[in-house]
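Below are some notes on three residues of the model, for your review. Please read them beside the coordinates.

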Amino acid sequence: MNRQPVTSSNLRSVGYDSTSQVLEIEFHSGGIYQYLHVPSNVHSSLLSAGSKGSYFQTFIKDRYANRKIR
């Protein structure tokens with residue numbers, strides 16, 4: 001999945017597959033996680049959020065099933 005770099009102290013890059021509704025996030029710590037069944041509006045809101053880290057903590061982390069891929 002192609003990810004685009006984002007400006008964040010926590011997140012390095014974000015990608016999204018609208019067909020499978022998989023949100024992929026690479027963290028500055030080196031981990032890459034895929035979040036499953038994420039609606040496209042959540043992805044859009046993440047990209048437009050003033051604080052992507054805060055948005056992630058509030059609206060994504062612990063709300064969607066996920067898997068670590070690296």
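1. Y35 counts as buried because its relative accessibility is 5%; buried means under 20% relative accessible area, exposed over 50%, and partly exposed in between, with a 1.4 Å probe and protein chains only. The residue is in strand β4 (residues 32-35). Helices (H or I, at least four residues) and strands (E, at least two) are DSSP runs, numbered from the N terminus.

2. This is a predicted model, in which local features need pLDDT of at least 70 and side-chain atom pairs count only at pLDDT 80 or more, while totals for chains, interfaces and linings use all residues. Residues are numbered from 1 along each chain as its sequence is written, and side-chain values use heavy atoms, with hydrogens and water left out.

3. Leaving aside neighbours within four places in sequence, Y35 is in contact (heavy atoms within 4.5 Å) with residues including V22, I25, F27, F56 and Y64. The C-alpha atoms of Y35 and S51 are 19 Å apart, with the two positions 16 residues apart along the chain counted as their separation.

4. E26, in strand β3 (residues 22-27), is also buried, at 9% relative accessibility. Its side chain makes a polar contact of 3.5 Å with the side chain of R70. A polar contact is a pair of N or O atoms within 3.5 Å; within protein, one must be able to donate a hydrogen and the other to accept it, and residues adjacent in sequence count only if both atoms are side-chain atoms.

5. S8 sits in the loop between β1 (4-5) and β2 (11-17) and counts as buried at 17% relative accessibility. Its side chain reaches the backbone nitrogen of N10 at 3.1 Å.
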